[in-house]
Amino acid sequence: MPSVEDASQLQSWLPTDWKTLASAAVIVAAAVVAALQRRSWSPISTVARRCFAFARSRKRHLSSTWVQVSGHEGSFLPSNNGMVLKQACDRERIALAALMADTLRPFVPKYTRLVVLNGKEYLEMQDLLAGFHCPAVMDIKMGTRTYLEEELTKVRKHPSYRTDLYQKMVSIDPHEPTAEERERGAIDKPRYMQFREHCSSTCSLGFRLEAIKLPETESRADFKMVRNKEEIVHELYGFLQDNKSAWAGMLGQLNDIREHCQQSSFFHSNEIVGSSLLFARDETANKCGVWIIDFGKTSPLPDGQKLNHRQTWVEGNREDGFLWGLDNLIDIWTHLFDENSASDAGS
């Protein structure tokens, strides 16, 4: 007979989507028939192990979709019960722990604990794609600035020039480097990040497309020069396609996120830099979701200081433009939704 341990392990590893459960049920049914024919339960133990592998591979597939889009290759591991392990960062651990008691909790990954695995520390958090069978996923980096003010101070005190960042700059725009940078053949990280911000819509709109992963396609991250509304609209259409419920559902969630950000004590007392909005839709499950992710550069403000996240950044005020970018994204999304609704009504 299969052991109780086998059953409990299988339950913890099984995914929640019906198609995957049906596939696992077929495997189990075949094993039961084989067991009855042979009058032996050994095939059941074998199939339990196969189901563990099947469910694990399914979980890794969904987790890898999130990783491919969020740009964190090598920093995620699958875990149990709809969770993932993300390589630990003190800033993110502190931010997520605080968010668990904040009004923004429904819009960020649930954080449970710090895990040590093979000598490395990981944050155990909700796998936002658990329950999605065949998701389309998009990452939009928020704010008008993607570097901390302290990074500028550090570079000024201890300049550190990198040839790899210079090569990345030249590959995007060969005319961008100054004469001094060409002679050196290297630039520092804030210089590269500022360059990226001006190439994209970060400075002009307060957000930029980072990556899109559609079902059965490779992840795309070729948005470095996408900076105007027309280009962004084109990419949003490609992501949402004709999924009207996703158009409406995500717009509603974006408005909810904005409302809760404005009410959040955490949000107004922290500098939110480098965070993204993760979008996921799944036609097979008729569901969609939007969450704020990536808090590795979130930094608490001195006591008494508050940010409105819409004010223009001047070095020293620590404004990040997160809400200004969210305002612009919602305006674009609303215009597209109204346009689509009008065309449907007229057809």
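Biologist: What share of the 347 residues in the chain is buried?
Modeller: Buried residues make up 48% of them. Buried means under 20% relative accessible area, exposed means over 50%, and partly exposed is in between, with a 1.4 Å probe and protein chains only. This is a predicted model: local features need pLDDT of at least 70, side-chain atom pairs count only at pLDDT 80 or more, and totals for chains, interfaces and linings use all residues. Residues are numbered from 1 along each chain as its sequence is written, and side-chain values use heavy atoms, leaving out hydrogens and water.

Biologist: And how many helices and strands are there?
Modeller: The chain has 13 helices and 10 strands. Both are DSSP runs numbered from the N terminus: helices are H or I with at least four residues, strands are E with at least two.

Biologist: How many residues are in the largest nonpolar core?
Modeller: That core has 50 residues. A nonpolar core here is a set of buried Ala, Val, Leu, Ile, Met, Phe, Trp, Tyr and Cys residues joined through side-chain atoms within 4.5 Å. Leu277, Phe279 and Trp333 have the most contacts inside it. Helix α13 (residues 322–346) gives the largest share, 8 residues.

Biologist: Why would such side chains sit together?
Modeller: In soluble globular proteins, nonpolar side chains tend to be buried together.

Biologist: OK, which residues does Phe279 touch?
Modeller: Among them are Ala136, Met138, Phe239, Met250, Leu329 and Trp333, leaving out residues up to four places away in sequence. Contact means heavy atoms within 4.5 Å.

Biologist: Switching topic. How many disulfides does the structure hold?
Modeller: It holds 0. A disulfide needs a pair of cysteine sulfur atoms within 2.5 Å.

Biologist: Why is Cys203 not bonded to Cys199?
Modeller: Because the sulfur of Cys203 is 9.6 Å from the one in Cys199, its closest cysteine sulfur, and that is too far for a bond. Cys203 is partly exposed, at 31% relative accessible area. Cys89 is partly exposed too, at 28%.

Biologist: Now the sheet. In what order do the 4 strands of the open sheet run?
Modeller: The order is β1-β2-β4-β3, with antiparallel pairing. Two strands pair if DSSP finds at least two bridges between them. The edge strands, β1 (76–78) and β3 (111–117), each pair on one side only.

Biologist: Over how many bridges do β1 and β2 pair?
Modeller: Over 3, in the antiparallel sense; β2 covers residues 83–87. Phe76 stands opposite Lys86 in β2.
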